[in-house]
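Visitor: I keep running into labels for parts of a protein and never know where they come from. Could you show me one and explain the words as we go?

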Amino acid sequence: MSVSELYSQCTRVWIPDPDEVWRSAELTKDYKEGEKSLQLQLEDETIREYPIDVQSNQLPFLRNPDILVGENDLTALSYLHEPAVLHNLKVRFLESNHIYTYCGIVLVAINPYEQLPIYGQDVIYAYSGQNMGDMDPHIFAVAEEAYKQMARDEKNQSIIVSGESGAGKTVSAKYAMRYFATVSGSASDTNIEEKVLASSPIMEAIGNAKTTRNDNSSRFGKYIQIGFDKRYRIIGANMRTYLLEKSRVVFQADDERNYHIFYQLCAAASLPEFKELALTCAEDFFYTSQGGDTSIEGVDDAEDFEKTRQAFTLLGVRESHQINIFKIIASILHLGNVEIQAERDGESCSISPKDEHLSNFCQLLGVEHSQMEHWLCHRKLVTTSETYVKTMSLQQVVNARNALAKHIYAQLFGWIVGHVNKALHTSLKQHSFIGVLDIYGFETFDVNSFEQFCINYANEKLQQQFNLHVFKLEQEEYMKEQIPWTLIDFYDNQPCIDLIEAKLGILDLLDEECKVPKGTDQNWAQKLYDRHSGSQHFQKPRMSNTAFIVVHFADKVEYLSDSFLEKNRDTVYEEQINILKASKLPLVADLFHDGKDSAPAATTSSKISVRSARPPLKASNKEHKKTVGHQFRTSLHLLMETLNTTTPHYVRCIKPNDEKLPFRFDPKRAVQQLRACGVLETIRISAAGYPSRWAYHDFYNRYRVLVKKKELANTDKKAICKSVLESLIKDPDKFQFGRTKIFFRAGQVAYLEKLRADKFRAATITIQKTVRGWLQKVKYRRLKAATLTLQRYCRGHLARR
């Protein structure tokens with residue numbers, strides 16, 4: 001079909017719109033090539049002239065025929081482009097209340113912000129044993145496909161769930177695990193499925209928090225491996241966590257909260273067993289009140305705390321251990337309330353010996369009061385010739401206090417994850433596993449810091465893996481159907497990954513600056529400008545000397561270099577750690593004797609030993625000197641290695657609006673996420689080849705109206721399909737015949753739909769014409785008969801007269 005045939009009168013198109021992103025319109029006049037504008041009528045019947053750039057000749061996107069709108073797989077659309085995808089998702093979500101849609105191998109899940117009755121046991125059993133295309137799109141269909149492929153191909157599987165904060169990642173991951181727990185059964189009597197599901201409330205309590213975008217946002221990434229035996233029954237599980245947002249422990253933005261566990265514990269403070277924690281309401285503590293409102297609408301923290309305790313019990317954490325965990329969490333709140341007084345000289349500080357919060361902190365952790373009071377306000381400096389104690393300014397003491405609080409929480413978080421893994425561990429031999437990755441999606445805020453940088457770096461790596469996998473599967477489909485494969489160009493984000501992680505990349509230069517004694521964020525930013533100004537993925541903002549821009553696959557993001565060095569170093573003073581190592585509470589001592597710190601514990605005497613407290617440097621000390629960036633890069637590489645040895649399945653979660661309103665769809669927000677999560681890239685790869693694929697049988701049933709009657713006498717449906725296509729589409733490049741399917745270039749199915757509609761229209765007109773003629777003839781005969789009767793009676797009457 002020529003361009004002028006495609007853009008004829010009554011053709012429907014999509015045009016850009018500032019509010020709705022894309023708007024539908026209809027051509028009121030045929031377009032002739034070379035014309036500078038199109039005459040359009042919008043859906044509200046307003047007429048608009050749409051200008052065309054003659055040089056690029058960029059005409060508006062064509063709209064899919066109505067038969068294809070609402071398809072449960074986006075790749076079945078004839079015109080594959082952004083407005084078609086957005087419209088299809090919107091129609092399914094708002095008109096049919098379908099929250100799940102396929103996009104090839106990807107399941108797109110839109111958060112309805114409402115409890116839906118689609119996750120019950122009966123639904124699980126309905127999906128069990130079914131093929132992916134046989135049922136409506138669902139998280140259970142993806143889980144079933146992973147389970148089936150594990151058994152069929154004898155290969156480990158991964159379900160990668162990603163999306164923005166508040167898009168519903170954790171819920172999707174939870175339902176996938178519930179599916180495996182239900183359909184596989186357990187190989188032992190230890191009720192491993194219950195334990196796998198019981199780990200969720202614990203991990204949510206210690207790793208989730210309220211943010212401006214989500215009331216229950218996971219502030220860490222996790223990869224849960226569910227182990228199966230040879231009969232594909234669950235035997236155990238293991239959890240790996242990534243980059244806990246430690247800064248939240250000591251700081252929350254407006255309208256945000258700290259981790260749920262702090263508020264849960266404060267809500268239960270009046271219970272008799274928690275009297276020694278000396279806690280009051282969350283508003284009374286600095287570390288839980290910075291965001292303002294300490295409650296979440298519709299959430300009962302006391303009730304949730306009960307669920308957390310039950311989960312701990314189910315995982316075999318003894319009551320005494322639980323109390324000790326809560327002591328450590330309470331001690332962090334008391335530490336945040338310790339009053340530090342600056343001395344007149346401005347270079348030193350002190351804490352009142354009668355400070356009740358410091359007393360509570362020391363008592364709860366079983367450490368010596370005088371030691372902690374001293375080392376919170378002093379630090380030790382070691383030179384080649386001597387060791388001396390130095391006072392610290394108010395800001396330095398506050399920073400050191402906050403660093404200690406973050407470190408205690410991070411160590412406790414790691415210990416709990418280790419304990420959960422012990423409870424989920426099995427002595428039985430694992431035959432295969434399915435991993436569920438629930439990881440933060442691409443993030444961009446008004447101010448982006450070190451955490452967002454790491455999150456977006458992780459998403460760059462995951463996007464690259466996704467692109468390569470989609471590309472590989474596309475190639476395999478062509479080979480399987482014996483169709484010539486032409487190389488499709490797809491976006492490779494390796495240059496952006498190199499900018500971040502290669503030698504002298506952003507992370508390398510950050511680590512180098514951290515080693516410099518007087519290194520600063522500004523110096524580091526300057527080194528970035530000097531080194532990477534020529535990179536196409538790096539930019540310097542015009543009005544700033546402390547920020548830098550990285551052009552990610554999803555969007556440009558401006559990062560503020562302030563506090564990058566501090567967060568990357570993650571420095572905690574050794575003297576404070578040594579005091580904690582000497583704790584009378586076994587759990588506290590255990591947290592800090594993790595085999596990495598080789599420094600001996602500080603003495604418990606009130607005298608401060610200066611020289612002997614500094615141990616000689618040992619090799620193992622280097623381990624905990626590794627920067628946060630270095631540790632994150634290493635764990636991310638391990639994750640990618642694991643994912644690359646499994647068959648991946650993708651779930652992309654979309655947040656339909658920022659107000660968390662049920663079944664409300666904001667096209668601007670949705671399209672941002674579709675661009676950021678790889679759905680449009682999948683479509684671009686598909687559209688570059690033969691995106692529409694029809695089985696011969698389905699094609700024959702729909703388009704046999706275009707076949708001549710004598711050709712229908714042939715019993716070979718495949719041959720009929722071939723002859724009809726060759727007669728209707730003259731360009732042989734527009735379609736290919738595979739073994740079981742016909743492959744079409746973009747737009748060809750819409751063209752066939754037009755021909756089919758034209759044929760039906762012509763047939764309808766013929767039927768209408770014939771019926772109208774017959775009705776007129778019947779009417780004429782009636783009139784004629786009536787006229788003759790009247791004439792006969794009249795003639796008789798006249799004759800008689």
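Guide: Below, we take a few labels and check each one against its cut-off. Bear in mind that this is a predicted model.

Visitor: Okay, what makes W774 exposed?

Guide: Exposed means over 50% relative accessible area. W774 has 53%, so the label fits. You'll find W774 in helix 27, which covers residues 748–800.

Visitor: And what makes up the nonpolar surface patch?

Guide: I767, V771, W774 and L775 do, and the patch is about 420 Å². To join a patch, a residue needs over 30% relative accessible area, and W774 with its 53% passes that mark. As for the helix, here's a handy rule: an α-helix has 3.6 residues a turn, so residues three or four places apart point the same way.

Visitor: Why do strand 18 and strand 20 count as edges?

Guide: Start with the sheet: three strands, open, in the order 18-19-20, with antiparallel pairing. Strand 18 (538–539) and strand 20 (556–560) each have a single partner strand, so one side of each has no neighbour in the sheet.

Visitor: How do you know that strand 18 pairs with strand 19?

Guide: Pairing takes at least two bridges, and two bridges join strand 18 to strand 19 (residues 547–551). One of the contacts to look for is F538, whose bridge partner in strand 19 is V550.

Visitor: How many bridges link strand 19 and strand 20?

Guide: Five, in the antiparallel sense, against a cut-off of at least two. V550 turns up again here, with V557 as its bridge partner in strand 20. Strand 19 and strand 20 also form a hairpin, with four residues between them.

Visitor: What makes strand 19 "mostly covered"?

Guide: Buried means under 20% relative accessible area, and five of its five residues are buried. Both faces are covered: A547, I549 and V551 lie on one side, F548 and V550 on the other.

Visitor: How many residues of helix 12 are buried?

Guide: Seven of the nine in helix 12 (residues 369–377), and that's why we call it mostly covered. Among the buried ones are H374, W375 and L376.

Conventions
Residues are numbered from 1 along each chain as its sequence is written. This is a predicted model: local features need pLDDT of at least 70, side-chain atom pairs count only at pLDDT 80 or more; totals for chains, interfaces and linings use all residues. Side-chain values use heavy atoms; hydrogens and water are left out. Patches are made of residues with over 30% relative accessible area and no salt bridge: like charges are joined within 9 Å, nonpolar side chains (Val, Leu, Ile, Met, Phe, Trp, Tyr) within 5 Å. Accessible areas come from the Shrake-Rupley method with a 1.4 Å probe; for residues, only the protein chains shown count as cover. A salt bridge is a side-chain nitrogen of Lys or Arg within 4 Å of a carboxyl oxygen of Asp or Glu. Buried means under 20% relative accessible area, exposed over 50%, partly exposed in between (1.4 Å probe, protein chains only).
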